[in-house]
Amino acid sequence: MAEIEEFNTNESWFNWTKYSSSMLRAIEKSILSHLKRPYRGMFVDIGTCVGDSDKIWTIVMNTEAKRTPILMLHGLGAGVALWVLNLDELAKHRTVYAIDILGFARSSRPEFCDDAMIAEKQLVKSIDEWRKEVGLKEMIILGHSMGGFLAASYALSYPERVKHLILADPWGFPERPEQIASKYKIPWWAKPLVAASQALNPLWILRFSGPLGSWLVGKTRPDIMRKFSSVVSNQDDIPNYIHQCNAQKPSGESAFHTMMDKIGWAKNPMITRIQNLKPSVPITFVYGSKSWVDNSPGETIKQLREQGYVKVHRIQNAGHHVYADDAETFNKLVNEACATCDIDKQTQMNDESFQRTL
């Protein structure tokens with residue numbers, strides 16, 4: 001079983017970034033202090049999964065619930081604290097686990113393989129090793145953006161462990177268009193910059209900016225701060241948290257860079273693989289109507305999986321961060337998807353009770 005412990009990451013890596021594990025911990029606690037329900041944090045030791053001694057930072061709520069638990073996987077550059085608008089509502093009826101994916105935020109930062117499929121499988125394996133350590137037989141798995149891509153890959157590898165697959169504006173599903181430049185009309189002067197950036201990790205600018213990283217987040221993405229303004233009282237917490245999550249050694253970010261084909265697409269797109277998922281695994285898509293993510297794969301997959309359960313939702317006026325843009329609607333849709341598992345579980349319990357009376 002997992003044990004509560006303090007895990008110190010190496011802070012000597014490129015001090016210019018101004019990363020501090022104690023600061024990251026403090027900012028996370030400040031953000032999560034706005035939760036109404038109690039939570040517990042712990043490092044789950046998954047051993048030599050990718051590195052020598054990998055640990056996954058985990059928060060858990062409502063451990064006494066009997067319904068199917070849910071695991072939440074964040075997107076690129078994020079961490080558990082950015083679920084602050086969702087955790088209370090989702091934990092009303094079931095146990096909720098949220099993890100910092102291996103290589104991100106407070107979790108260990110091992111070196112991943114530079115082969116796209118192997119790196120993906122390493123991340124998926126780390127999730128299953130976490131599941132074993134926590135002691136879950138089956139779970140609902142919710143993933144946002146990159147987390148959605150990994151959630152789908154996990155379901156392909158371990159379908160017997162997934163009671164419902166919930167994909168929030170998932171990255172990496174469509175195939176990359178052949179004529180990107182003409183489709184997106186990239187100006188001639190920007191093409192060298194775009195080409196050069198492909199060789200770098202997506203969030204390199206935060207580390208390059210050093211102590212100005214948090215300021216840069218606030219100035220370039222003020223919309224992110226606004227998303228959390230109804231709950232998080234100190235608005236500096238959000239840019240500071242994002243900066244601290246990404247000022248460290250970019251281990252998971254490098255794995256993402258390995259898996260991506262340009263930043264908007266995956267080298268191994270999920271649309272060509274998801275038909276191999278067992279029909280018994282239900283899928284719910286939740287897209288933002290104003291997101292940059294292509295939402296057509298949801299409808300395509302719904303048509304391909306005639307024998308399986310697939311629902312596609314689009315939240316009006318929500319962008320890529322659909323879980324924060326309209327948290328109330330998002331939480332409602334996720335709870336509705338989770339409730340289908342509760343019905344199945346109650347039916348199973350009734351059948352088992354009936355068999356005992358025979």
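Where in the chain is the place of Val 281? Val 281 sits in the loop between β8 and β9 (283-288), and we will come back to its surroundings below. Please keep in mind that this is a predicted model. The chain is built from 14 helices and 10 strands, and buried residues account for 54% of its 358 residues.

**The chain as a whole**

- Take the contacts between residues at least 6 apart in sequence: 76% of these join residues at least 24 apart.
- The accessible surface of the chain amounts to about 16400 Å², and carbon and sulfur atoms hold 52% of that area.

**The largest pocket**

- If you are looking for a place to start with the pockets, the largest one holds about 1000 Å³ of space.
- Its lining is made up of 40 residues, and the closest to the pocket centre are Leu 76, Pro 202, Leu 203, Arg 221 and Ile 263.
- Sorted by class, the lining of the largest pocket contains 21 nonpolar, 15 polar and 4 charged residues.
- Several helices contribute to this lining: α7 (204-208), α8 (213-220), α9 (222-227), α10 (237-246) and α13 (322-325) each provide at least two residues.

**Helix α10, one of the pocket-lining helices**

- Helix α10 is largely enclosed by the rest of the structure, because 9 of its 10 residues are buried.
- The buried residues of α10 are Asp 237, Ile 238, Pro 239, Tyr 241, Ile 242, His 243, Gln 244, Cys 245 and Asn 246.
- Besides supplying residues to the lining of the largest pocket, α10 is among the elements that cover the buried residues of α11.

**Helices α4 and α11**

- Helix α4 covers residues 146-157, and at 1.5 Å a residue its 12 residues should span 16 Å; the C-alpha atoms at its ends are 17 Å apart, so the expected and modelled values agree.
- Most of α4 is covered, with 10 of its 12 residues buried.
- Those buried residues are Met 146, Gly 147, Gly 148, Phe 149, Leu 150, Ala 151, Ala 152, Ser 153, Tyr 154 and Ala 155.
- They pack against β3 (67-73), α3 (116-134), β5 (139-144), β6 (162-168), α11 (251-259) and β8 (265-266).
- Helix α11 is mostly covered too, with 8 of its 9 residues buried.
- In α11 the buried residues are Ser 251, Gly 252, Glu 253, Ala 255, Phe 256, His 257, Thr 258 and Met 259.
- The cover over the buried residues of α11 includes α3, α4, α7, α10, β7 (260-261) and β8.

**Leu 73 in strand β3**

- Leu 73 belongs to strand β3, which is one of the elements that the buried residues of α4 pack against.
- With a relative accessibility of 0%, Leu 73 falls under the 20% cut-off and therefore counts as buried.
- Leaving out residues up to four places away in sequence, Leu 73 touches Trp 83, Ile 99, Ile 101, Ile 127, Ile 141, Leu 142, Gly 143, His 144, Gly 147 and Ala 151.
- One of these partners, Ile 101, is 28 residues from Leu 73 along the chain, and their C-alpha atoms are separated by 6.8 Å.

**Ala 337 in helix α14**

- Ala 337 lies in helix α14, which takes in residues 327-357.
- Its relative accessible area is 4%, so Ala 337 is buried.
- Not counting residues up to four places away in sequence, Ala 337 touches His 164, Ile 166 and Thr 284.
- Ala 337 and Phe 285 are 52 residues apart along the chain, with 9.8 Å between their C-alpha atoms.

**Back to Val 281**

- Val 281 is buried because its relative accessible area is 1%, under the 20% limit.
- Beyond its neighbours within four places in sequence, Val 281 is in contact with Pro 159, Val 162, Leu 165, Arg 305 and Tyr 309.
- The C-alpha atoms of Val 281 and Leu 156 are separated by 9.5 Å, although the two residues are 125 residues apart along the chain.

**Two loop residues with positive phi**

- Ala 105, in the loop between β4 (94-99) and α3, has a phi near 50°, which is a positive value in a residue other than glycine.
- Ala 105 is buried, with a relative accessible area of 1%.
- Asp 169, in the loop between β6 and α5 (180-184), has a positive phi near 45° and is likewise a residue other than glycine.
- Asp 169 counts as buried, at 0% relative accessibility.

Terms used
Residues numbered from 1 in each chain as written. Predicted model: local features only at pLDDT ≥ 70, side-chain atom pairs only at ≥ 80, totals over all residues. Heavy atoms only, no water. Helix = DSSP H or I, 4+ residues; strand = E, 2+ residues; numbered from the N terminus. Buried < 20%, exposed > 50% of the residue type's maximum accessible area, 1.4 Å probe, protein only. Contact = heavy atoms within 4.5 Å. Areas by Shrake-Rupley, 256 points an atom, 1.4 Å probe, with all protein chains shown as cover. Expected span 1.5 Å × (residues − 1). 1 Å grid on protein atoms, 1.4 Å probe; cavity = no way out; pocket = protein on both sides within 12 Å on 5 of 7 lines; lining within 4 Å. Points joined across faces, edges and corners; volume = space filled by probe spheres on them. Nonpolar A, V, L, I, M, F, W, Y, C, P; charged D, E, K, R; others polar.
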